[in-house]
Amino acid sequence: MLNKLVFLSFVILLSYLSTNSQTVTSWQTTTDKSKLFQKQTDIQFTDDNGQNTIKININSEQEYQTIEGFGWTMTQGSAYVIKQMSEVNQTAILEELFSVEKGMGSATVRVALGSSDLGQGAYSYQDDKNKPFSLAGPDLNYLIPVLQQMVQINPNIKFMASPWSAPAWMKTPFSGNGKQQLRGGSLKKEHFGDYANYILKYFQEMEKLGIVFHSMTIQNEPLTEHNWPSMYMSKEDQYDFVEYHLGPILKNNGYGYIKLIGYDHNCDNTEYPIYVARSQYIEGSAFHLYGGSISALSTVYNQTGKSVYFTEQWTGGNGHFSKDFTFHMKEIILGTVNNMGKTALAWNVASDQNWDPHTDDGGCDLCMGAITIHNQTKAITRNVTYYTTAHLSTVTKYGSKRIGSSGVNDGGLIYSAFKNHDGFTSLVVFNTNRSQKTFDIIWNNRSFSYTLGGNTVASFKWK
């Protein structure tokens with residue numbers, strides 16, 4: 001009888017320990033590159049609130065926006081450099097980026113609808129109005145096969161379409177030289193319906209190839225016409241195009257599930273996205289940060305009550321890792337999610353060591369991908385936005401909720417916490433101080449102590 005009681009007590013003790021002890025997994029990146037998403041020794045929670053004066057409190061009951069993912073834009077140029085690799089290496093790098101089981105599991109990918117300035121040239125799917133719509137060309141040769149591979153690797157991946165320009169024949173001439181071309185100009189009002197039908201055909205033809213879109217921004221950077229390609233679109237024209245043409249035609253043809261996202265330009269203008277968000281078909285607004293403050297996302301969210309997204313930020317090939325990593329982690333990643341952003345996407349997935357391909361007249365000749373693929377050796381270099389995205393994508397999945405996080409004596413620490421649908425809780429902390437900081441992370445009246453070096457990011461997850 002005594003042995004049975006001892007055994008029963010032992011079982012109860014094990015049960016108590018298993019339900020009251022969470023293991024915390026963590027990774028770190030330092031701005032001096034001494035650690036690059038390096039896994040750290042596991043930590044255990046303890047049954048107290050810790051002894052450190054610096055504290056970060058996690059409140060799982062306080063929920064904010066639903067997260068739709070972190071990633072990049074897959075341009076035709078990105079796909080081209082990936083397709084120059086062997087099939088085995090193509091699969092390996094795409095799994096590393098997009099597989100939930102084998103990699104970081106990037107959940108949302110922006111896709112150029114037609115050509116962008118990071119491609120082998122400017123084109124549309126109907127350059128001649130007298131010829132039928134066709135995906136044949138650079139997209140069918142390079143971009144679409146890569147997107148199909150990504151779907152095989154991650155069937156739940158979410159694609160966001162973004163057009164840089166309508167076909168030239170639908171537009172007014174570029175004001176710079178008077179020629180009708182894919183660079184500049186604006187969509188003629190008499191072609192609003194033609195362009196809406198063109199976009200519908202794109203979704204229909206892509207679906208036939210197994211590529212289904214989750215969302216779409218109406219126009220990349222609508223307030224500029226100097227990129228090649230590009231198209232100016234006023235807030236009034238964008239509203240009218242969505243409300244009376246694109247929204248209805250998608251809804252009436254079974255594509256009303258595609259989230260339509262307005263603006264897609266810099267944070268220095270909140271009037272434009274607020275105006276367009278009046279449309280019944282607009283899900284929210286998208287932003288870049290080549291101007292303005294990331295707080296614009298909160299401003300527009302509070303004014304419209306609709307979702308906000310961050311969809312593009314470049315890193316330059318002549319930049320500095322420390323400076324660029326700090327800016328992207330502080331402003332683009334944590335700045336976005338702490339201002340109600342549902343996505344934080346960088347520009348772009350891949351380029352070669354010369355920052356090619358790009359269009360010759362107005363294309364970005366310094367845009368560095370998340371990865372660099374050397375055009376001769378095919379060696380891969382992982383760059384700034386590879387690591388910033390890894391810190392979020394690895395611990396925060398599509399459909400997770402940002403939850404409450406607040407600090408005591410936490411100067412110089414920037415952070416955000418999340419509750420994932422798979423039962424994991426996660427936290428990302430950036431110590432922007434030069435010196436290390438030791439702090440307690442408190443969750444459900446339990447805690448663990450952590451020392452984080454200066455200019456270092458740590459991602460945590462526990463279940």
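Two strands pair if DSSP finds at least two bridges between them. Helices (H or I, at least four residues) and strands (E, at least two) are DSSP runs, numbered from the N terminus.

This is a predicted model: local features need pLDDT of at least 70, side-chain atom pairs count only at pLDDT 80 or more, and totals for chains, interfaces and linings use all residues. Residues are numbered from 1 along each chain as its sequence is written, and side-chain values use heavy atoms, without hydrogens or water.

**The open sheet**

Strands of a sheet pair through backbone hydrogen bonds, either parallel or antiparallel. Three strands form an open sheet here, in the order 13-14-15, and the pairing is mixed. Strand 13 (350–351) and strand 15 (380–382) are the edges; each has a single partner strand, so one side of each lacks a neighbour in the sheet. Strand 13 pairs with strand 14 (residues 371–373) in the parallel sense, over two bridges. Ala-350 has Ile-371 of strand 14 as its bridge partner.

**The barrel**

Eight strands make a closed barrel that runs 5-6-7-8-9-10-11-12, with parallel pairing. On average, neighbouring strands of this sheet are turned by 30° against each other, direction ignored. Axes are lines fitted to C-alpha atoms, for helices over the stretch in contact, and angles run from 0 to 180 degrees between N-to-C directions. Within the barrel, strand 8 (residues 213–217) and strand 9 (residues 259–267) share three bridges in the parallel sense. Met-216 stands opposite Leu-260 in strand 9. Helix 10 (residues 384–393) packs on the sheet and touches strand 5 (69–74) and strand 12 (341–346). The direction of helix 10 makes about 145° with that of strand 5. Contact means heavy atoms within 4.5 Å.

**Strands 16 to 18**

Strand 17 (residues 413–419) has five buried residues out of seven, so it is largely enclosed by the rest of the structure. Buried means under 20% relative accessible area, exposed over 50%, and partly exposed in between (1.4 Å probe, protein chains only). Strand 17 pairs in the antiparallel sense with strand 16 (residues 401–408) and also runs antiparallel to strand 18 (residues 425–431). The two hairpins are set out below.

| Hairpin | Bridges | Opposite residues | Residues between strands | Positive phi |
|---|---|---|---|---|
| Strand 16 and strand 17 | three | Arg-402 and Phe-418 | four | Asn-409, near 55° |
| Strand 17 and strand 18 | seven | Leu-413 and Asn-431 | five | Gly-423, near 95° |

**Helix 5 against helix 6**

Two packed helices are described by the angle between their axes and the distance between the axes. The axes of helix 5 (residues 192–208) and helix 6 (residues 235–252) come within 9 Å and cross at roughly 50°. The two helices are therefore oblique to each other. Angles under 35 degrees count as roughly parallel, over 145 as roughly antiparallel, 65 to 115 as roughly perpendicular and the rest as oblique. Residues of helix 5 in the contact include Phe-192, Tyr-195, Ile-199 and Phe-203. Helix 6 contributes, among others, Asp-237, Phe-241, His-245 and Ile-249. By class, the contact has ten nonpolar, three polar and two charged residues. Ala, Val, Leu, Ile, Met, Phe, Trp, Tyr, Cys and Pro count as nonpolar, Asp, Glu, Lys and Arg as charged, and the others, Gly among them, as polar.

**Asp-48**

Asp-48 sits in the loop between strand 3 (43–44) and strand 4 (55–66). Asp-48 counts as partly exposed, at 34% relative accessibility. Not counting residues up to four places away in sequence, Asp-48 touches Asn-445, Arg-446 and Ser-447.
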